[in-house]
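Please open the model in your viewer and keep the selection tool at hand. The tour goes from one selection to the next and says what is found at each stop.

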Amino acid sequence: MTITAATPYRSNPSLAPSAKASGNAPVATASSPEPPASGPMDTVSLSAEAQFRMSNAISFTVTADSLAQAEAAARTVPGLDADAERFTPEAMAAHAEWREKHTDYRGKVRDLVDQTFGLSADRNGWAAGGAALTAIKNLAEKNGLIEPEMPPAVADMLQTTGESLWTNTGGGTTGMFDITFLPNGAEKGGNLRILFDSGKKPGADGSLVDLKSASADAQGALSSIRASALGAALDGAGGWSPGGSANAYALTNGKDGNGGVVGVIISNGLDDYARANSKTMVETIHGLLG
């Protein structure tokens, strides 16, 4: 089956789709392929609404023709006709320009985080929340990376106060930094989740306590976690318990499990990596919050 746009739009064939779509501008869609020379073929014509939904361009060349088509599409998509004045060609062009800048910004932030924590774009993916997101924002700004501001016309068009990477940086002292490792040759993949309390700084003599062991240190650390803000963070991370398949470690700010618990490290297949690197990672995050 081939899908043919009812009114094909011009697009730049060198562009790759963005990883995150938000309010896509209906002014650039990949041209449909030529049908086969022979044989049965079903043809589907895409409506203006379908073209609007499927568009995923992050950059394009604005022409008088494309702006006219964008304006026409905005006025024919069901549900948008009543607010068509917001979907002006100028607003859509501004949206595409902002998205391109924001995509570049996100890429630079990702590269900076990879460099700071010794990660690889080819093997690692990561996510952050709470205080960890604040730390990454601080890291970006210290290195001169400032998030492009959404133009008012675009915010009005999307009926939002402005999309930002840092929307969830406020509230609470806990944070989460989650790292995924893809398999690489003989190395297996896995996941490492770091939960921490920014109100409790790690000490130079900090140590990891295996929470799945039956030791007194493990029992004491787990009780301390449950009674602190980390307890709610741990429950929110999937309700980890000593009987679960993942291994977990308490990071304390004293030797041999002594001192307060400043973080919890949950490891799926990455125990050696967790023991070697998680303490330094938590220290780095705390350093970015100061």
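Begin by selecting helix α3 (residues 89–117) together with helix α4 (residues 131–142), whose axes come within 10 Å of each other and cross at roughly 100°. Because angles of 65 to 115 degrees count as roughly perpendicular, α3 and α4 are described as roughly perpendicular to each other. To see where they touch, show the side chains of Y105, V109, L112, V113 and T116 on α3, and then those of I136, L139 and A140 on α4, since these residues make the contact. If you colour this contact of α3 with α4 by class, you will find seven nonpolar residues, one polar residue and no charged ones.

Before going further, it helps to step back to the whole chain, bearing in mind that this is a predicted model. The secondary structure of the protein chain comes to eight helices and eight strands, and 41% of its 290 residues count as buried. Among contacts between residues at least 6 apart in sequence, 73% join residues at least 24 apart.

The next stop concerns aromatic rings, for which a search of the whole structure finds three pairs. Select F117 and F177, whose ring centres lie 4.9 Å apart with their planes at 40°, so that the pair is tilted. This pair links distant parts of the chain, with F117 in helix α3 and F177 in strand β4 (residues 174–181), 60 residues apart. Both F117 and F177 are buried. Add W126 to the selection as well, for ring pairs link F117, W126 and F177 into a cluster.

Stay with strand β4 and select F181, then Y273 in helix α8 (residues 271–289), which is 92 residues apart from F181, so that here too a pair links distant parts of the chain. How far apart are the ring centres of F181 and Y273, and at what angle do their planes lie? The centres are 4.8 Å apart and the planes stand at 65°, so this pair is edge-to-face. F181 is buried, and Y273 is buried as well.

Now turn to the strands, and select β8 (residues 261–268), in which seven of the eight residues are buried, so that β8 is largely enclosed by the rest of the structure. Which strands pair with β8? One of them is strand β5 (residues 190–197), which runs antiparallel to β8 and is joined to it by six bridges. To find a point on this pairing, select F196 and look for its bridge partner in β8, which is G263.

Another partner of β8 is strand β7 (residues 247–252), and these two strands pair in the antiparallel sense over six bridges. Along this pairing, N247 stands opposite S267 in β8, while A248 has I266 of β8 as its bridge partner. Selecting β7 by itself shows that five of its six residues are buried, so that β7, too, is largely enclosed by the rest of the structure.

For the last stop, keep β7 selected and add strand β6 (residues 207–210), which is joined to β7 by four bridges and runs antiparallel to it. Here the residue to look for is V209, whose bridge partner in β7 is A250. With β6, β7, β8 and β5 displayed together, you can follow the pairings in turn, from β6 to β7, from β7 to β8 and from β8 to β5.

Methods: Residues numbered from 1 in each chain as written. Predicted model: local features only at pLDDT ≥ 70, side-chain atom pairs only at ≥ 80, totals over all residues. Heavy atoms only, no water. Phe/Tyr/Trp six-rings, centres within 6.5 Å; stacked < 30°, edge-to-face > 60°. Buried < 20%, exposed > 50% of the residue type's maximum accessible area, 1.4 Å probe, protein only. Axes fitted to C-alpha atoms, helices over the stretch in contact; angles between N-to-C directions. Parallel < 35°, antiparallel > 145°, perpendicular 65-115°, else oblique. Contact = heavy atoms within 4.5 Å. Nonpolar A, V, L, I, M, F, W, Y, C, P; charged D, E, K, R; others polar. Pairing = 2+ DSSP bridges.
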